[in-house]
Amino acid sequence: MTIKRKTGQMVMWWLLPIIIFVGIWWHYIGYIVLAMMIFFLTLSVFKGRYWCGWFCPRGSFLERILKFVSMNTPIPSFAKNLVFRSAIFCGMIAFMLHRLIQTNGDLDKIGFVFVIMCIATSIIAIILGIIYNPRIWCAFCPMGTLQGLLGREKYILQVSDACTECGLCEKVCPVNIDPGSFKKSGKVSNFDCIKCSNCIEKCPKNALKFQENVMRAQSSCIIG
Ligand code: SF4
Ligand code: SF4
């Protein structure tokens, strides 16, 4: 599964520089950003932040390329702070709407709004990603937050009693979640989980599964 995810990300990250550099001259490429937004917000209703972990061009770039120059420190608490996240969310949406209204319906200018949004957010993501964790942006990305909220009850990571709280899973989590710490409740209720499966593959006790897999296992037991 890791190989599949890595392959997908290695294909997808190229879209980021293409959108940025081509978008400066040819604004219509911004509609790819809009199409992706519609797609991942729809997907999130069923799978939470699955897009972030598997296909997001910026997330892929940060995780696969920026990691080589990142300080790779843990994501600081300010980035996960709800007030900070809400301020970024409202600020970005207000900026986008303001720019969209200014276009007066001009399709070329509308496309450029999405290019500009992509450039501005990527600059922030890259600077912070070098100083801290490569995926620090994902901790407060407005679109990531929206996906998490839309799919907060979907495709949830389950922690079984087999967990020994060894902490190995936390070490491979790109967004610094500690699945073992959710053993008591039995499910990772943090909606920022990007469904990457790194922790599942790392766990020596086979204690982690996504909800969908658990349901499948249960139904096959009933059938069997
Ligand atoms: S790696 Fe497995 S056993 Fe260890 S804390 Fe994580 S879920 Fe628990
Ligand atoms: S908790 Fe597991 S599946 Fe979720 S982001 Fe972290 S490593 Fe990936």
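Domain bounds here come from an automatic or database domain assignment. With that in mind, welcome to a quick tour of this predicted model. The assignment splits the protein into domain 1, residues 2-150, and domain 2, residues 157-223. Their C-alpha centres sit 26 Å apart.

**Where the two domains meet**

- On the domain 1 side, 17 residues are in contact with 11 residues of domain 2.
- Four helices each supply at least two residues to the side of domain 1 that touches domain 2: α1 (2-12), α4 (50-54), α9 (137-140) and α10 (142-150).
- Helix α4 gives the most to that side, with three residues.
- By residue type, the side of domain 1 that touches domain 2 divides into seven nonpolar, five polar and five charged residues.

**Around ligand 1**

- Ligand 1 is surrounded by 15 residues, and the closest are C163, C166, C169, G180 and C203.
- The shell around ligand 1 is made up of nine nonpolar, three polar and three charged residues.

**Helix α7 and what follows**

- Helix α7 covers residues 82-102, which is 21 residues.
- At 1.5 Å a residue, helix α7 should span 30 Å, and its end C-alpha atoms are indeed 30 Å apart, so the expected and modelled spans agree.
- Just after α7 comes N104, which takes a positive phi of about 55 degrees.

Conventions:
Residues numbered from 1 in each chain as written. Chains lettered and ligands numbered in written order. Predicted model: local features only at pLDDT ≥ 70, side-chain atom pairs only at ≥ 80, totals over all residues. Near = placed C-beta within 6 Å. Nonpolar A, V, L, I, M, F, W, Y, C, P; charged D, E, K, R; others polar. Contact = placed C-beta atoms within 7 Å. Expected span 1.5 Å × (residues − 1).
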